[in-house]
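Visitor: I am new to this structure and would like a close look at a single part of it, a loop position with an unusual backbone angle. Please take me through it slowly, and then place it in the rest of the chain.

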Amino acid sequence: NTKLKYKNMKGLQLDNGTIKKFNSVPKNFGNIIGGFNTLNDTELEAFGFYNIVTPSITESQKLGDIEWDADNSVFTYPVQNKTFAQSLAELKSQKIDNLKHSYGRELAKTDWIIIRAQEGTAAPQSTLDERAALRTECASKEAEINALSTKAQIADYSLPNLM
């Protein structure tokens with residue numbers, strides 16, 4: 001399920017099987033003085049400058065060193081699985097701490113209403129209901145994280161964006 005996205009960055013050249021890196025397509029190259037960087041894709045490919053394809057990756061993956069994909073005539077990166085130094089329990093604990101921090105920030109937005117209620121000003125029921133829903137949702141997400149069984153699943157688990 002890895003998606004590819006094309007970057008029309010022709011700052012790499014394939015020269016006799018060797019990948020040469022450039023910051024960008026040079027203005028001068030070979031026997032072309034000026035304007036080399038304005039050539040179209042087909043013309044650049046004749047000099048070994050090809051597109052770069054960057055695979056989309058998840059949090060549990062990383063990109064390897066750039067390679068030449070001869071079958072598709074593009075440069076690309078191999079997708080590799082990350083290794084995690086933390087234990088499964090440590091990764092879960094870290095993810096749950098981040099989850100609780102996010103929900104705590106959301107609850108903090110209405111803390112002043114709750115404090116006023118303790119001092120005698122009634123809190124609106126809608127605020128109490130919203131806070132209860134946030135706590136319930138947080139507990140549900142925590143249970144989902146605790147049910148995960150691999151480090152990759154934990155790394156790839158997306159925390160809700162509450163902002």
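Guide: A residue is called buried when its relative accessible area is under 20%, exposed when that area is over 50%, and partly exposed when it falls in between. Please keep in mind that the model is predicted. The part to look at is S73, which sits in the loop that runs between β6 (67-69) and β7 (74-76). Because its relative accessibility is 34%, S73 counts as partly exposed. Its backbone is what sets up the close look, for S73 has a positive phi of about 55° even though it is not a glycine. Most residues other than glycine have a negative phi.

To see where this loop belongs, it helps to follow the chain, which has five helices and eight strands. Read from the N terminus, the elements come in the order β-β-β-α-β-β-β-β-β-α-α-α-α. The radius of gyration is 26 Å, well over the 15 Å that the globule rule gives for 163 residues, and so the chain is more spread out than a compact globule. The C-alpha trace spans about 85 × 35 × 25 Å along its principal axes, and 29% of the 163 residues count as buried. Of the contacts between residues at least 6 apart in sequence, 52% join residues that are at least 24 apart.

A second loop residue can be set beside S73, namely P26, in the loop between β3 (18-21) and α1 (41-46). P26 is buried, because its relative accessible area is 15%. Beyond its neighbours within four places in sequence, P26 is in contact with F36, N37 and F49. From P26 to T121 there are 95 residues in sequence and 70 Å in space, taken from C-alpha to C-alpha.

Moving on to the helices, α2 (residues 88-108) and α4 (residues 125-147) pack at an angle of about 170°, and their axes are 10 Å apart. Since angles over 145 degrees count as roughly antiparallel, that makes α2 roughly antiparallel to α4. On the α2 side the contact includes K92, I96, L99 and Y103, while among the residues of α4 that they and others meet are R131, L134, C138 and I145. Sorted by class, the contact of α2 with α4 has seven nonpolar, one polar and nine charged residues.

Helix α3 (residues 111-118) holds W112, and this residue is partly exposed because its relative accessible area is 48%. W112 and A123 are eleven residues apart in sequence, and their C-alpha atoms are 9.7 Å apart in space. For the chain as a whole, the accessible surface comes to about 10700 Å², and 49% of it belongs to carbon and sulfur atoms. Returning to the starting point, S73 is thus a partly exposed residue, at 34% relative accessibility, and its phi of about 55° is positive.

Key:
Residues are numbered from 1 along each chain as its sequence is written. This is a predicted model: local features need pLDDT of at least 70, side-chain atom pairs count only at pLDDT 80 or more; totals for chains, interfaces and linings use all residues. Side-chain values use heavy atoms; hydrogens and water are left out. Axes are lines fitted to C-alpha atoms, for helices over the stretch in contact, and angles run from 0 to 180 degrees between N-to-C directions. Helices (H or I, at least four residues) and strands (E, at least two) are DSSP runs, numbered from the N terminus. Angles under 35 degrees count as roughly parallel, over 145 as roughly antiparallel, 65 to 115 as roughly perpendicular and the rest as oblique. Contact means heavy atoms within 4.5 Å. Ala, Val, Leu, Ile, Met, Phe, Trp, Tyr, Cys and Pro count as nonpolar, Asp, Glu, Lys and Arg as charged, and the others, Gly among them, as polar. Buried means under 20% relative accessible area, exposed over 50%, partly exposed in between (1.4 Å probe, protein chains only). The radius of gyration is taken over C-alpha atoms; the globule rule is 2.2 Å times the number of residues to the power 0.38. Accessible areas come from the Shrake-Rupley method with a 1.4 Å probe; for residues, only the protein chains shown count as cover.
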